[in-house]
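Here are some short exercises to work through with the model in front of you. Try each one yourself before reading the solution.

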Amino acid sequence: TAAKAAPTGPSTAVAVVDRDPHSRANILRFLDSSLKFLPNPHDCERPKPYVPPNPYRTPSYYPQAPHPVFNTPEIFTKFDTDTLFFIFYYQQATYQQYLAARELKKQSWRYHKKYLTWFQRHDTPKVTTDEYEQGTYIYFDYETGWIQRIKQEFVFKYLYLEDELSV
């Protein structure tokens, strides 16, 4: 049997699908469709805490203020490290952030002012000078994974060490 030729012309607009994903037509089509989902510049900014302009009055049987126990340093000794990191990064400019930072320092975490993250020695530094130390560190990755990662051969310059907070 002979194959029938498909009619062509302006009255028969049929989309031709190219099965090769590496063809020029497919690559251009993929690029065009990806432009619809470009990230905004605001996507890389840290979310700001929500403060309602006109907060709704809740019934008195709901808590109207944070519980006073969260103002006592003793409770922070019972929190796990992830909770302390959460409080530090999401309760900014509060007494609770200060208490969380203080507890993290007690657990040998050190805050790096340049990278705005917490580091902890994984082992004894290989190089130690008056200006820096170099070695393997664990750091808390709050931006891409909310996870502790290992950084080898990291140079921790004392210039960037937050040391105003006493333990």
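**Exercise 1.** What should the 12 residues of helix H4 (residues 95-106) span at 1.5 Å a residue, and how far apart are its end C-alpha atoms?

*Solution.* Before starting, note that this is a predicted model, where local features need pLDDT of at least 70, side-chain atom pairs count only at pLDDT 80 or more, and totals for chains, interfaces and linings use all residues. Residues are numbered from 1 along each chain as its sequence is written, and side-chain values use heavy atoms, without hydrogens and water.
- Helices (H or I, at least four residues) and strands (E, at least two) are DSSP runs, numbered from the N terminus.
- The expected span is 1.5 Å times one less than the number of residues, so H4 should span 16 Å.
- The end C-alpha atoms of H4 are 17 Å apart, which agrees.

**Exercise 2.** Which residues of H4 are buried (under 20% relative accessible area, 1.4 Å probe, protein chains only)?

*Solution.*
- They are Gln96, Gln97, Leu99, Ala100, Ala101, Glu103 and Leu104.
- Their cover includes helix H2 (73-76), helix H3 (81-90) and strand E2 (117-121).

**Exercise 3.** Glutamine 134 lies in strand E4 (residues 132-141). Which residue is its bridge partner in E5?

*Solution.*
- E4 and strand E5 (residues 147-157) run antiparallel, joined by nine bridges; two strands pair if DSSP finds at least two.
- Opposite glutamine 134, the bridge partner in E5 is valine 155.
- The side chains of glutamine 134 and glutamate 153 also share a polar contact of 3.1 Å (N or O atoms within 3.5 Å, one able to donate a hydrogen and the other to accept it).

Notes. Buried < 20%, exposed > 50% of the residue type's maximum accessible area, 1.4 Å probe, protein only. Contact = heavy atoms within 4.5 Å.
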